[in-house]
Amino acid sequence: MAERTDGPEEFAGYLLVDIEGSVGKAERRPKSMRIAERRYRDLITDVVARHGGIVRDFAGDGVFVTLPADRALVCALAIQQGVQARSWKKVDGLIVRVAVHCGRADPTGEIDRVLANRVARILHCAWGGQILVSAAAVSACAPPDDAEFCDFGHHRFKGVEEPLRLFGLTHPTLARKDFPPPRSNAGYGAWLPPQALPIFGRAADIEALAALLSDGGGLITIVGGPGAGKSRLALELGASASDRRAVYFVSLENIKSGDAVLAAIATALSYPFHGAATPQRQLFDYLRDKRFLILLDNADGVVGEVGFLSRLGGPGVHFLATSREPLGVEGEVTTVLGGLNCGGPDGDVRQSPAFLLFTQSVHALGEKYELDDGECRIFSEICAEVSGAPLALHLIAHWTPVLSLSEILARLRTGLGFLHKLGGAPLQRGIERAVFGSWDLLDARQKQALAALSVFEGGWDLAAAEALGVPADMSAVLEAKRLIEKRGKRRVLHPFIREHAGERLRAAFIELAPHLQERHSDYFLEIVRQAMGSSETELQRGLLDRVDQELANVRAAWLFAVRTKPSAARGSLEALFYTLVLRAHLGECSALLSATTSDHPALAAHIQAVRASCEVQLGAYAMAEALAVRAMTAIGDDPVILAHCRHTLGNVAHARADFEQARSHYEVAFELRAACGDAMGSYYSAISLAFLNLHHDRRDAARAWVKRSFEFCHQAGQFGVAVMAYTCAGDIAVQDGSATLADENYRRALDVEQALNHPHLRAPLLVKLGAIETERGCAERARAHYEAALDVAASVGDRRVAVNALLGLAALLEEGDAAGARGLVLRALDQARSLAPPQICAVLARLARLYIACDDKGRAAKVIGLMRWPMFVALAPEESALAESLAPDAPVPPQAKTVDAAIQEILTDEQFGAPLLP
């Protein structure tokens, strides 16, 4: 946080509030909503007045306020508390979001438009129920009593040169306290695990690695033994780089394959795999023009499995890995990290990094610690025994209340070990002795608790620990002993401590281990089932957020159930699938099911059927079809399995433009699902039939299926999936020529998407809204929608939407700025080169029209000739017919060229122009 340099009286607070998800014109809203909005405005006006503020503007649902800086955060909290305390049942609940920013006050009391713009940007990426605060406001504004801040890092905003650092303000009185990272379109410093303690003795390493990270892209691996501080160093580098580039943290603990690494990276980036291209290709296309730092923590399990990293990033992408050995990737740069130095300036042990870290941990116990000259020698020997490993020093610092330094040294020199004779590198021997010694100092309950916590994957919260029988006070004891680490509201075990605690669980608590694993599995699969069983949007969003955070534990819970409780696994599979689909984790779901095997015939077939549903959404049509046929052959009479298979086969036929076969499969899937009471599955089959009929201009049938899909959506209580129904209703309205009705449906779809955070559905909706505003002649609104769609498409890597948004922007410029329109279409062509031929050909057609309009016949002929390739003629007949009408004599380029090479030639020619020859 920035230091406060002036008194609060010199600053003004800027506060902006709005209702989450309420859009559209006020006069078209129900009367109950208009009454609720008046109550909401009166409430805010009253709270603001009590805190000495002024309501400057009501714009739609937004309320803009200025007030003294020292009251801004208290006022923001009071607003959320006031909204929470009132009943909003008549409008099915009302949720607001609040943004706070501040800057120097204008002596005249005038509004600073720059500050007002900043607070509006901050509000845009806040979640419902959240108070999102700038670093400037955290620094200059007095915090409410008992408030806490969650640091979300730096974020870039369109039109804002410097990134803004954002914090979430939470308070015990608020109903919702945990939120995902801000939903800015271009995160510029993704959430990193917070580090409460400073780092010691790594200045030279930080300087050297920072220099490597400032030059080009590639893979850098920090190599070192367990407990050497590799992760801590990587996080320090990530935090320092987050004001210049987006930083993402990816835990690879217990990950063993390259495919799982790709899935983990995609999950951290919130990137949804889609289309037929391989995951590697999709991530390459997404990353090639990004400026990212991706931290791959604990990569020991994938040594030799991640050669693709050398090809994955572009020139602005760095991978920073931590591992006990090099990863074996071409071009990898390694730096070896040893223990901390015990010799300070002039040989003074008391000023050494090792002793400073040691005393920091001792002071955390409330103890004072000083060394006499004799103890300095003993501490040096202790440091040598553990090879200066930071984790070991942290651990043995917590022995000081019961052991003297001499006793600690003697204990380390006994070579403590309860499982095997210690061997290996000196640093590893030192950390093992520290872990074993810390274990021996625990009482029986503490040992059992630590062993139980080793069951968790990727960390846990206090509620999960209590579900396994570890109460909060016991967690606090182990945290005080540095055996578990607190990261925000979560706790984690260092991998080395977790490894040895797990060994003790299997050795000393052999009867307890399966019971704990079963409770762990039941607990996390129940969260998944609750997420799909909740009919309250706000509650479901919180549960989906938790599933997002607990993906590693959910994965482990599922795999344990498959091995030991096939019936429980089957009972959770549908909920697991739909939960991951709602958050666009199709790649994660596919990877998980691909790694799942079962000897139970019904479960194995069910897994194949659900995996087929994943693969078809990812564009792997041949694989999806094969999996569906295989599952149907294995289990021919199970309606749930058959419905998945039939729906997948309908998707495949739909993609192949086989209307009758697709309709037949969808209808059978719908009948099977409706007969067995599967409301969620029935919804998906119904909405698929709606889109299918609409695409073949059967609007009445499409309308009927949309109505049925809404019925099943309400029956299932799953309003999150309604985004597809609203979208289809909007598409029908467009074909009916009703822009107003289309606009209303698309905006409702956006309400649902924003409530549940499904950004790759948001981007195409913004394009559709842009098209409506274009038809209405509202160029500025259309441009705003298209530009927002471009930002979202870039953040999720959706090139299809980016192409459509660029074409929409080009259409706005065609009449008055043909050159500008051509530049946008060329950008679209560059984006389209990895897409399907019909989409490429549609861009080429637009470019050809522009060249002809500009009387650039040479370039037009080149583009039209490319459109006449057989592959485009077969798959894009309308565009090919256009090419024939525009230039029937245009030559066809040589077939030896690839499409990509031909497009590059067009782009290069446009950029540099043809040479002028005599």
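I looked up aspartate 697 first and found it in the loop between helices α28 (679–695) and α29 (699–716); helices here are DSSP runs of H or I with at least four residues, strands are E runs with at least two, and both are numbered from the N terminus. Its phi is near 60 degrees, a positive value in a residue other than glycine.

A note on the source: this is a predicted model, where local features need pLDDT of at least 70, side-chain atom pairs count only at pLDDT 80 or more, and totals for chains, interfaces and linings use all residues. Residues are numbered from 1 along each chain as its sequence is written, and side-chain values use heavy atoms, without hydrogens or water.

Next I turned to aspartate 146, in the loop between α4 (135–140) and β6 (148–157). Aspartate 146 is not a glycine, yet it has a positive phi of about 70 degrees. Is aspartate 146 buried or exposed? I found it exposed, with a relative accessible area of 61%; buried means under 20%, exposed over 50%, and partly exposed in between, with a 1.4 Å probe on protein chains only.

Then came α18 (residues 495–508), where I noted 14 residues and 19 Å from first C-alpha to last. That is close to the 20 Å expected at 1.5 Å a residue, the expected span being 1.5 Å times one less than the number of residues. Buried residues in α18 include Phe496, Ile497, Arg498 and His500. Ala501, Gly502, Arg504 and Leu505 are buried in α18 too.
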